[in-house]
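Dear colleague,

I am passing on the structure below, and my notes on its interior follow directly after it. Please read them with the model open beside you.

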Amino acid sequence: MNILFLLKSLETGGLEVVTSVLANEFIAQGNTVCVFSFLGGKNSIAKSFNEQIKLYEGSDYNTSGTNIAALREVLIDLIANNDVDMFYVGNHGRFDSIVRGVLRELKTEYPQIRYAVVLAY
């Protein structure tokens, strides 16, 4: 399975730590894993990811139409060119809502993709 985790930031927090644990376990099971984050953060957990995990890191976070379009382009590239077919997305705040909305739209174009909502609490 090819899995992409989408995060607002890699700044150390509960969801980010859980993402690291899950991503590393999925790698151990023989899956391909990518992590996309708009921000790294000065307390980034990037070093806790297995070196086989491909990290995509943006330089800024905001919810402008330009960034939403950029997110859509990254997702399309990962789906079409890297065979990513599974997404894990949070359920807290505007960022997670935007990502889920883009994935819902892409599901009509790419019916093979799936996504699951990860609850932080």
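Two cavities of 30 Å³ or more are counted in this predicted model, a cavity being a set of points on a 1 Å grid over the protein atoms alone where a 1.4 Å probe fits but cannot get out; points are joined across faces, edges and corners, and the volume is the space filled by probe spheres set on them. The second largest has a volume of about 40 Å³, and its lining (residues with an atom within 4 Å of a point) consists of Phe 5, Leu 6, Leu 7, Leu 15, Thr 19, Tyr 88, Val 89, Gly 90 and Val 118. By class, seven of these are nonpolar, two polar and none charged, with Gly counted as polar.

The largest nonpolar core (buried Ala, Val, Leu, Ile, Met, Phe, Trp, Tyr and Cys joined through side-chain atoms within 4.5 Å, buried meaning under 20% relative accessible area with a 1.4 Å probe, protein chains only) has 21 residues, of which Leu 4, Leu 6, Leu 71, Leu 75, Phe 87 and Leu 103 touch the most other members. A second, separate core of 16 residues includes Phe 5, Leu 7, Val 35 and Ile 45. Beyond its neighbours within four places in sequence, Phe 87 is in contact (heavy atoms within 4.5 Å) with residues including Leu 4, Leu 103 and Tyr 115.

Residues are numbered from 1 along each chain as its sequence is written, and side-chain values use heavy atoms, leaving out hydrogens and water. Local features need pLDDT of at least 70 and side-chain atom pairs count only at pLDDT 80 or more, whereas totals for chains, interfaces and linings use all residues.

With best wishes

Note on methods:
Buried < 20%, exposed > 50% of the residue type's maximum accessible area, 1.4 Å probe, protein only. 1 Å grid on protein atoms, 1.4 Å probe; cavity = no way out; pocket = protein on both sides within 12 Å on 5 of 7 lines; lining within 4 Å.
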